[in-house]
Amino acid sequence: MAKKQRLKPVSNEETQTGERYPDVYQDFSPDKFLDYKQQQSRVLIRAANGFHLQVDALADHTFRFRYAPEGQFERDFSYLLDPKAAYETPGFRVEEEDDYLSLRTHALICHIYKKGLNVYLYDAESNVLLSADDAPVRVRRSILHGVEEVRCTKTAANREAYYGLGDKSCALNLRGQQLQNWNTDAFGYGQDTDPLYRSIPFYYGLRDGHGYGLFFHNTHRTHFDFDAAEDGTAAFWGDGGEMDYFFINGPKLLDVAQRYAWLTGRPELPPLWALGFHQCRWSYYPEERVYEVAKEFRKRQIPCDAIYLDIDYMDGYRCFTWDEAHFPKPKKLIEDLRRDGFQTIVMIDPGIRVDPDYHVYAEGMKRKAFCYRSTGELMRGPVWPPDCVFPDYTRPEVREWWGTLYEKLYKEQGVSGFWNDMNEPAVFKVDRATFPDSVLHDNEGGPCDHRRIHNLYGHQMSRATYEGLKKLRPEKRPFVLTRATNSGGQRFASVWTGDNIASWEHLRLANLQCQRLSISGFSFVGSDVGGFKDQPDGELFLRWMQLAVFHPLYRVHSMGNNVDGAAEAEAEAIHEAERTNRLDQEPWSFGEPYTKLSKQAVELRYRLLPYLYTAFWQYVENGTPMLRSLVFADERDANTLNREDEFMVGDHLLVLPVTEAGQTMGKGYLPAGEWYDYYAGTRFQGKQEVKIECGLERIPLLVKAGAVLPHYPVQQYVGEKAFDRITLQVYHGRAESELYEDAGDGYGYQEEAYCLRNFSTATAAGSFELHQSISGQYAPGYQKVALQLIGLPFTVAKCTCDGETVEWRQTERGVEVEVPAAFRHVVLR
């Protein structure tokens, strides 16, 4: 065992007599190698001082490393890992050399050196060094706090780049940053604010064009240093728990993303309406105001699928209740909205008002469902109500109970979705803005304090909500939106970037944050369009609306005249002032030309719904991020490493956002290949920077050559129209494309009630071919497709569909031809 060190105090504790003593800590690191034992794809390595390292080869490309300073590993339990993940046993060999153990699969080589058990990882095919320990793993334990640090330090190669880590607002390439994960209510955060709302301890490394991933499987407060001191090292450590991490080989970053999704899970398909436009505000009330907003959308013919009700729909901030003065007939309101094509989404917070006459509080007390302090007292604190208690979602029976609480809202009154907020968990009026560390949690039968569970609280709340909705209405796909979560939380809920600000800086941050969250496993992501705090001008609002067309969650949200954290006694006065002097943030709030152009942005979203839904299906099936930073398009091109503005949506769309006031020229770098301007049809060669005009009416959008881009007709809400035809924009070049469709809700798709169209395009001198194959048993209502063929470099003399000559016409953008939806082969010569 390592020698005890009496060094500079870690902390101080005062005795009853007032005398102070320094804490004493011990550092543990493995010393020289003693022996090893192999059992199938697991190797247990012992050091002479009793330190253990366990290595699991979970797949050819993924190793797991767990360290125990005295040979006692923590229980192998995880909220973060997907319980459905099936681990394979790869061809795995262990060989002992003079200086190291060699562990090998077809894709990875791991050398564990006998001095200090340092880990070196190589790509098996290229023999490129991917990762190397700079020092032995260290575990620090103190008398007063137990394990208070587990640390691993890696080398940081010259020009090595780092990405991911989920909810961060700093530069996209993390090199030079030191960051931490501790879910925090970060109202009005800025570019340098850290931490934020979510904890996702997963990052990508990119060395000489070869990508890898590292997932730190630890739920305590965690820290990441990406060579911030410029000393050639990158470290990660936790303030407790176990040193437990997964290493994922690429070589492509997209490979890593898919394999990380395999570890932590993917969501089910959402209802199709959830990809429509959503309108939200703090707060729409009374019900007359809700009707007014809904009527205005339909009057102006601006598509919208969902309206949200913030905390003011509740009776005194009591979750699962209605304020009968403002919402006397909630079921009728919800039914009326649905008849007009609107889904209703309401907020539910974890803070339960202390009130013996409130059924949720009374039931929870009987069940002992709430969190307790180590003294045996209830954990009580103010959130929106002045005195709240908080469910312990780490108890299965509490999650079960919590799920039943949605019955009246969801099953009887027809609410369509739920928004779980304030679940970091946030607590008002204290500096740390959350629970003290001494609050206790069941932790699935492994009791612990809040240090281990804090970053899981929102994760398990959204799980309880999601699982409850599934049980209450098993025929429906749940829609849950959560503010706080952790790795794996994507299985239960969508996310947004939190309480942002109406500023051009925050428009740029929304772009960065949504990219980063998507590549970190959370593709169902968006921002508060227009900014939550303060009010944008018309230009800023419009540019945000245009950017968010391409974010999977497309939601306007603002705080109006509210003051965040206002005391309950002040709330009614604030809302009364608001009713007479509203700060509105609907698409028509800024007058012309912004209303017309915002409407055009929303209409583009609805035309692109089949493409976005297909990209979501690919995310569900394969784990491919819907939004991808430019480096994911070509990690071997050094020009992509630090590009932050441009991003890919699915396989074929490249967006160049406008993030500066008065900007009329979009500028961006194009990855390798050929690209077409979506609006003008102009062709560009890749691997160069381009400039594209972008007046107020649009932001630059490019399409990959060879892509087949599906479009629906504009509708005011999902399901409004039965289509007799859809449009396929087909771009000259060679590529593979997909179009996935199903009923848009329910689970028939799991029994093959879907329609999957696979397209391929081929070119030759003077000809162009489009092939289609179809699988699945779902029959979309349309029988025809309108093909728009763009970029053909020759004059068309003949067009055939499945061997039969068909009529076609030349247009300004290209060639148009109508063919049966079930065509197999279209040729133009």
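This is the transcript of a short presentation on one protein chain, given as a predicted model.

Good morning. I shall begin with the chain as a whole, and then turn to its core, one helix, one sheet and a few local features.

The chain contains 13 helices and 53 strands. Its radius of gyration is 28 Å, close to the 28 Å that the globule rule gives for 829 residues, so the chain is as compact as a globular protein of that length. Along the principal axes, its C-alpha atoms fill a box of roughly 90 × 70 × 50 Å. Of the 829 residues, 63% count as buried. The surface that the chain exposes is about 30,900 Å², and carbon and sulfur atoms supply 45% of it.

Let us now look inside. The largest nonpolar core has 199 residues. Those with the most contacts inside this core are Ile348, Trp402, Phe550, Leu728, Leu787, Phe823 and Leu828. Which element gives the core its largest share? The answer is helix H13, with nine residues. Apart from this core lies another one, of 44 residues, among them Cys152, Leu165, Tyr203 and Phe236.

Helix H13 therefore merits a closer view, given its share of the largest core. Helix H13 covers residues 609-622, and from its first C-alpha to its last it reaches 19 Å, close to the 20 Å expected at 1.5 Å a residue. Is this helix mostly covered or mostly open, and how many of its 14 residues are buried? Helix H13 is mostly covered, with twelve of the 14 residues buried. Among them are Leu609, Tyr613, Phe616, Trp617 and Val620. The buried residues of H13 pack against helix H12 and against several strands, including E36, E43 and E46. Just after the helix, Gly623 takes a positive phi of about 80 degrees.

Strand E43 leads us to a sheet. Five strands form an open sheet in the order E43-E44-E48-E52-E51, and the pairing is mixed. E43 and E51 stand at the edges, each with a single partner strand, so one side of each is left without a neighbour in the sheet. In general, strands of a sheet pair through backbone hydrogen bonds, either parallel or antiparallel. E43 and E44 pair in the antiparallel sense, over four bridges. Within E44, Leu728 is the bridge partner of Pro710. Leaving aside neighbours within four places in sequence, Leu728 is in contact with ten residues that I shall not list in full; they include Val708, Pro710, Phe759, Leu787 and Phe823.

Elsewhere, Thr62 in strand E7 offers another example. Thr62 is buried, with a relative accessible area of 0%. Beyond its neighbours within four places in sequence, its contacts include Asp56, Leu108, Phe247 and Trp262.

I close with the backbone. The peptide bond from Gly250 to Pro251 is cis, with omega near 15 degrees, and Pro251 is found in the loop between strand E21 and helix H1. A cis peptide bond also joins Trp282 and Ser283, where omega is about 0 degrees. Ser283 has its place in the loop between strand E22 and helix H2.

Two aspartates have a positive phi. For Asp208, phi is near 50 degrees; this residue is in the loop between strands E17 and E18 and is exposed, at 63% relative accessible area. For Asp802, phi is about 50 degrees; its loop runs between strands E49 and E50, and at 41% relative accessibility Asp802 counts as partly exposed.

Thank you for your attention.

Terms used
Residues are numbered from 1 along each chain as its sequence is written. This is a predicted model: local features need pLDDT of at least 70, side-chain atom pairs count only at pLDDT 80 or more; totals for chains, interfaces and linings use all residues. Side-chain values use heavy atoms; hydrogens and water are left out. The expected span of a helix is 1.5 Å times one less than its number of residues. Buried means under 20% relative accessible area, exposed over 50%, partly exposed in between (1.4 Å probe, protein chains only). Contact means heavy atoms within 4.5 Å. Two strands pair if DSSP finds at least two bridges between them. The radius of gyration is taken over C-alpha atoms; the globule rule is 2.2 Å times the number of residues to the power 0.38. Accessible areas come from the Shrake-Rupley method with a 1.4 Å probe; for residues, only the protein chains shown count as cover. A nonpolar core is a set of buried Ala, Val, Leu, Ile, Met, Phe, Trp, Tyr and Cys residues joined through side-chain atoms within 4.5 Å.
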